[in-house]
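Here is a short tour of one protein chain, written for someone meeting it for the first time. Keep the 3D view open as you read.

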Amino acid sequence: MTANAFQTTHGFTPEGEWAAPGRVNLIGEHTDYNDGFVMPFALPHTTHAAAARRDDGTLRLHSSAKPSHTVQLRIDDLEPGGIDNWAAYPAGVVWALRGAGHDAIRGADIHYDSTIPIGAGLSSSAALEVVTALALRDLYDLPLHPWQLARLCQRAENVFVGAPTGIMDQTASACCTKGHALFLDAQDLNHRQIPFDLAAEGLCLLVVDTRVKHTHSDGEYGQRRRGCEEGAAALGVNTLRDIPYEELDAALAELKDESVRRLIRHVVTENQRVERVVAALEAGDARGIGPLLTEGHMSLRDDFRVSCPELDLVVEVANETGALGARMTGGGFGGAAIVLVADGISDKVAEAITTRLPGARIFPAAPCAGAQRLR
Ligand code: GLA
């Protein structure tokens, strides 16, 4: 379909077609930029790109979401902060790839289609970056593996777009595998693919998009990040990752500023929750992770303060209706929540949520494949 749209727009056949998924994060929120642990998995929702090389230094970008508009850019003129619409993400990727020495890239025509809800905290921007990076890697035969692509996409987002995000979303989109959650150490990208077969356990994971707008550029995300950095500096460590759970109380006792203490408490306890979720899943106890999800939500709500009333309502209603656990997922300030529930009552829980939050969009999700070439 994306290839057909490319053909209609450009009048010739693309050289290939690629897909990159959105993600939810099972547990490990606001830990990645503190060098901590995360555990995302890929969604069935994807962004597709059909693309072909150009050799005239031009990037022509087109999206089914804005059918009457073609973005045309000179790749030599790309500069951080220079583009203020969706095209900043793919243009940033071209800029980051060329900045890393891959100047074989001489241009491209790319058409995008996406089924990832935008602004829902499900990593539509990371998917747009990753699908672009993968297409360019293959078209120009660049010697880059998915982990390197993820890093370059993060650089595009941090420096070119100007959003100070961590490494989780790009890595999830590029490196997740079907049937697994990705246990990732953001410090060195050490990772394990953890089998997460919900159906086999009689479980269902609902994603609840509250449709409350989320955005990172608002400054709140950057503020939390700076607060964590201040906390680490005050404690004389590189990042909050360096504070073991067992030393949390002693570390907190050293600090006066209550808001910094709360940020630190969230990050340190959240890292420990990720390790407990991994242990439970590896022991075959998927049900056992429910309370940890809810505990993580409380910590994000009360200590890290990135939730919002709608996300809190979803978690409350889900748990009241018999869910095993629930939490907000992603950066917060709106966006989506996840609910872990026994198969038999998932309809009842979903109904209870939409009764209280009629605007919510709810779908079940199981771990899907990471980014790939389709043809
Ligand atoms: C956003 C960022 C990620 C991560 C999460 C919070 O999704 O892009 O890097 O920090 O927020 O866990």
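## Two domains

Domain bounds here come from an automatic or database domain assignment. With that in mind, the protein chain divides into domain 1, covering 2-193, and domain 2, covering 196-364. Please remember that you are looking at a predicted model.

How far apart are the centres of domain 1 and domain 2? Taken over C-alpha atoms, the separation is 26 Å. Domain 1 brings 36 residues to the contact, and domain 2 brings 45 residues.

## Where the domains meet

The size of an interface is often given as the accessible area lost when the parts come together. For domain 1 and domain 2, the buried area is about 3,300 Å², and carbon and sulfur atoms give 63% of that area.

Charged and polar partners also feature here. Three salt bridges are found across the interface of domain 1 and domain 2. There are also 21 residue pairs in polar contact across this interface, with both residues at pLDDT 80 or more. Elsewhere in your view, try finding Arg241 and Asp185: they form a salt bridge in which the closest N and O atoms are 2.7 Å apart.

## The domain 1 side

Which strands supply at least two residues each to the side of domain 1 that touches domain 2? They are β1 (16-25), β2 (37-38), β3 (40-53) and β7 (180-185). The largest share, four residues, comes from β7.

You can also sort this side of domain 1 by residue class: 16 residues are nonpolar, 14 are polar and six are charged.

## A helix tucked away

Now look at helix α5, which spans residues 168-175. Is this helix largely enclosed or open? Eight of its eight residues are buried, so helix α5 is largely enclosed by the rest of the structure. The buried residues in α5 are Met168, Asp169, Gln170, Thr171, Ala172, Ser173, Ala174 and Cys175.

## A stop at Phe12

Finally, find Phe12 in the loop between α1 (2-10) and β1. Is Phe12 buried, partly exposed or exposed? Its relative accessibility is 33%, and the partly exposed class lies between 20% and 50%, so Phe12 counts as partly exposed.

What does Phe12 touch, leaving aside its neighbours within four places in sequence? Its contacts are Phe6, Gln7, Ala52 and Asp109. Ala52 is 40 residues from Phe12 along the chain, while the C-alpha atoms of the two are separated by 9.4 Å.

Terms used:
Residues numbered from 1 in each chain as written. Predicted model: local features only at pLDDT ≥ 70, side-chain atom pairs only at ≥ 80, totals over all residues. Heavy atoms only, no water. Contact = heavy atoms within 4.5 Å. Buried area = accessible area lost by both parts, 1.4 Å probe. Salt bridge = Lys/Arg side-chain N within 4 Å of Asp/Glu carboxyl O. Polar contact = N/O pair within 3.5 Å; in protein donor to acceptor, adjacent residues only side chain to side chain. Nonpolar A, V, L, I, M, F, W, Y, C, P; charged D, E, K, R; others polar. Buried < 20%, exposed > 50% of the residue type's maximum accessible area, 1.4 Å probe, protein only.
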